[in-house]
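User: Could you walk me through this model, beginning with a single side chain and widening out from there?

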Amino acid sequence: ADIQEHKNTTSLVVFLSGLSGSKELPLFKNASAVFQKQGFSTLRTNFCGDEDDKRKYPDALQLSDISFSVYTTELKNVLDVVGKRYSKIVLVGHSFGTPVSIMFLNKYKNYASKTQLIIWDPTLLPWKKEWMEEDYVFNDVKKLYISKHNKQEIINKVFYKECIDIKNVTEVLRSLGKKVCILGAEKGAHEDAKKYFAKLRNKKSSRLVIIRGANHLFDGKRVQKELFEKTLEFLKK
């Protein structure tokens, strides 16, 4: 994990990508710099080994070790260590980081009460079984599912089944009763962003913004400027 601390704040912003995402994404590096300048401490973390990280840890978890139990437990471990001095935590879930954030808050209610939730172009679970069968093939020798499109993307049986059988994450978010800022990408998962917003109980205090011309990774200075500004506006209300 990489943390940038601001001495005069009690708020920690945690950027989460989940699945095979990376804390080294330009989106997260740029966001971390901007939010730190705006008075927040920031944290970027990898849940498992990452090829883009210059620091290599031989004992790091691999993607094939991951399940929702691992995701949520590891996030709690990180926050238990670095989050102690912060009275407010902001989880920014991008892509698969959205269901990870929501499942974490649903599991650890003591964190839910002091945590704000931001969603950037979210993944929506469950995935259909036929989609998973199109994307993954089971390896009888390794007893693991391997992506047909990215041979480095390998997941275990438990996680494969969870992605299909998990309760609709929009319903889990609704049950938390939180106000949420949801920012979708016009060329990304904006339809899923709208589905998340539609299920919220407190739409009046929440926010939905679809960023014009944005792709899933929010590439481009103009797009990121708008993304960060809209997010910060919500946090500073």
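Analyst: Let me begin with K128, which is partly exposed, with a relative accessible area of 45%; here buried means under 20%, exposed over 50%, and partly exposed in between, with a 1.4 Å probe and protein chains only. Please keep in mind that this is a predicted model, in which local features need pLDDT of at least 70 and side-chain atom pairs count only at pLDDT 80 or more, while totals for chains, interfaces and linings use all residues. Residues are numbered from 1 along each chain as its sequence is written, and side-chain values use heavy atoms, with hydrogens and water left out.

User: Got it. Where does K128 lie?

Analyst: K128 belongs to the loop between β5 and α5, where helices (H or I, at least four residues) and strands (E, at least two) are DSSP runs numbered from the N terminus. Between the C-alpha atoms of K128 and L173 there is a separation of 20 Å, with their positions 45 residues apart along the chain.

User: Anything odd about the backbone there, say which residues a cis peptide bond joins?

Analyst: The cis bond is between L125 and P126, with omega at about 10°, and P126 sits in the loop between β5 (115-122) and α5. As background, most residues other than glycine have a negative phi, and most peptide bonds are trans.

User: OK, and what is the phi of S95?

Analyst: For S95, phi is near 55°, which is positive in a residue other than glycine. This residue is placed in strand β4 (residues 88-95), and S95 counts as buried at 16% relative accessibility. D121 can be set beside it, as D121 has a positive phi of about 40° without being a glycine; D121 is part of strand β5 and, at 0% relative accessibility, counts as buried.

User: Switching to charges, how many salt bridges does the count come to?

Analyst: The count is 12 salt bridges, a salt bridge being a side-chain nitrogen of Lys or Arg within 4 Å of a carboxyl oxygen of Asp or Glu. One of them is between R44 and D2, at 3.5 Å from N to O. Since R44 lies in strand β3 (residues 41-44) and D2 in strand β1 (residues 2-4), the pair ties together parts that are 42 residues apart in sequence.

User: Are R44 and D2 buried or exposed?

Analyst: R44 is buried, with a relative accessible area of 9%, and D2 is also buried, at 19%.

User: And what about K161, which residue does it form a salt bridge with?

Analyst: The partner of K161 is D165, and their closest N and O atoms are 2.8 Å apart. Both residues lie in helix α6, four residues apart, which is about one turn of the helix, and that helix covers residues 157-165. K161 is exposed at 52% relative accessible area, whereas D165 is partly exposed at 48%. K161 is also 9.8 Å from W127, C-alpha to C-alpha, although the two are 34 residues apart in sequence.

User: What does E233 pair with?

Analyst: E233 forms a salt bridge with R207, in which the closest N and O atoms are 3.0 Å apart. E233 lies in helix α9 (residues 221-235) and R207 in strand β10 (residues 207-211), so this pair ties together parts that are 26 residues apart in sequence. E233 counts as partly exposed, at 41% relative accessibility.

User: Which residues do salt bridges that share partners join into one network?

Analyst: That network consists of D2, K23, E24, K29 and R44.

User: Which residues form the negative surface patch?

Analyst: The patch is formed by E130, E133, E134 and D135, where patches take residues with over 30% relative accessible area and no salt bridge, and like charges are joined within 9 Å. E130 is in helix α5 (residues 129-135) and is partly exposed, with a relative accessible area of 44%.

User: Last one, zooming out: how many helices and strands does the protein chain have?

Analyst: The protein chain has nine helices and 10 strands, and buried residues account for 50% of its 237 residues. Its C-alpha atoms fill a box of roughly 55 × 40 × 35 Å along the principal axes. The radius of gyration is 17 Å, which agrees with the value near 18 Å for a compact globule of 237 residues; this radius is taken over C-alpha atoms, and the globule rule is 2.2 Å times the number of residues to the power 0.38.

Terms used:
Patch = residues over 30% accessible without salt bridge, like charges linked within 9 Å, V, L, I, M, F, W, Y side chains within 5 Å. Areas by Shrake-Rupley, 256 points an atom, 1.4 Å probe, with all protein chains shown as cover. Lys, Arg positive; Asp, Glu negative; His and termini not counted. Charge placed at Lys NZ, Arg CZ, Asp CG, Glu CD.
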